[in-house]
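Here are a few notes to read with the model open beside you. Take the points in order and find each residue as you go.

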Amino acid sequence: MLGKLIKNEFKAGLHSVANIYIAAFAAVALMAVSLAFDITWLTAISLIAVIVVALGILIVTLISIVSNFNKTLFRDQGYLSFTLPVTSGQLLFSKAFCSFCWLLLSYASVIAIFISIFYFAAEQVGEENLAMIKILISTIAELPDTAAIISVIVTLVTRVFLKIIFLVAEIFFAITLSNVRPFQRQSFLPAIIIFIVLYGVLNTVSTLLSAYVPLSLLISVQGIQFTTQAMSGGNMVLSLADIIFEFALTCLFFYLSAWFMNHKINLK
């Protein structure tokens, strides 16, 4: 049953975001045509269109996730969802898994689009871009071996994954909490307020943990090293305290969301 839930979630998500990806493909194709035929005015228009669509991918994906979660669990469709032979935890997992995948795809798409724009700009600046690429290659070459490069990439990708999962958990918790009895009559405003307050408070705590708790991963040309210094010059530092804090909160948010769905939610 869980597999069917995930399959249906992907279908619903595809229906919501398909148009923005079609628009992105059209904008990129238009820019490719304008570059191929050297049409200056069309290149400028298509470049603006690509940037707007890239930002739209993130916005539409977030709106789709929020709308789908709220509509299918806490509005009329919620009566059907909660009569399915699955637990609230399974409902939550299916939505969280699919939301993570759509967010990951949106981030990857935006990064790919902006890399394309970078290379487009590189065509205009020529020598400056060549020098930048040479610096990047020399920096990577300074890593001791392939294993170090792989470990750095895996660490950074894992951090991005955890950030996305944390965002999904925070959004789901804010929406779920906004549907308990004290907030239920205020439409969607409580969810927005709860999310903003949580985001501000937790970001402040994360910043303090990164600055004052000396548990970090130092990413440098030597690879990844554990350090007890929160800051380290111009090198990239990932705070372990911050990562542990976010992981614990992610688990807590999912647990509380499932608990509220079981015990405190009154469907509209």
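**Notes on rings and a cavity**

1. Start with a group of rings: Phe 166, Phe 173, Phe 253, Trp 259 and Phe 260 are joined into a cluster by ring pairs. Keep in mind that this is a predicted model. Across the structure there are eleven aromatic pairs.

2. Now pick out one of those pairs, Phe 10 with Phe 97. Their ring centres are 6.1 Å apart and the planes meet at 80 degrees, so this pair is edge-to-face. It ties together distant parts of the chain, since Phe 10 sits in helix 1 and Phe 97 in helix 4, 87 residues apart. Are these two rings buried or exposed? Phe 10 is partly exposed at 28% relative accessibility, and Phe 97 is partly exposed too, at 35%.

3. Next, look at Phe 69 and Phe 172. Here the ring centres are 3.9 Å apart with the planes at 5 degrees, so the pair counts as stacked. This pair also links distant parts of the chain: Phe 69 belongs to helix 2 and Phe 172 to helix 6 (residues 146-177), 103 residues apart. Both Phe 69 and Phe 172 are buried.

4. On to empty space. How many cavities of 30 Å³ or more does a search of the whole structure find? Just one, with about 110 Å³ of space inside. Of its 13 lining residues, Gly 13, Ser 64, Ile 65, Asn 68 and Trp 102 lie nearest the centre.

5. Who builds that lining? Helix 1 (2-36), helix 2 (40-74) and helix 4 (88-125) each give at least two residues, and helix 1 has the largest share, with five. By class, the lining has five nonpolar, six polar and two charged residues.

Methods:
Residues are numbered from 1 along each chain as its sequence is written. This is a predicted model: local features need pLDDT of at least 70, side-chain atom pairs count only at pLDDT 80 or more; totals for chains, interfaces and linings use all residues. Side-chain values use heavy atoms; hydrogens and water are left out. On a 1 Å grid over the protein atoms alone, a cavity is a set of points where a 1.4 Å probe fits but cannot get out, and a pocket is an open set with protein on both sides within 12 Å along at least five of seven lines; lining residues have an atom within 4 Å of a point. Grid points are joined across faces, edges and corners, and a volume is the space filled by probe spheres set on the points. Helices (H or I, at least four residues) and strands (E, at least two) are DSSP runs, numbered from the N terminus. Ala, Val, Leu, Ile, Met, Phe, Trp, Tyr, Cys and Pro count as nonpolar, Asp, Glu, Lys and Arg as charged, and the others, Gly among them, as polar. Rings of Phe, Tyr and Trp (its six-membered ring) pair if their centres lie within 6.5 Å; planes under 30 degrees apart count as stacked, over 60 as edge-to-face and the rest as tilted. Buried means under 20% relative accessible area, exposed over 50%, partly exposed in between (1.4 Å probe, protein chains only).
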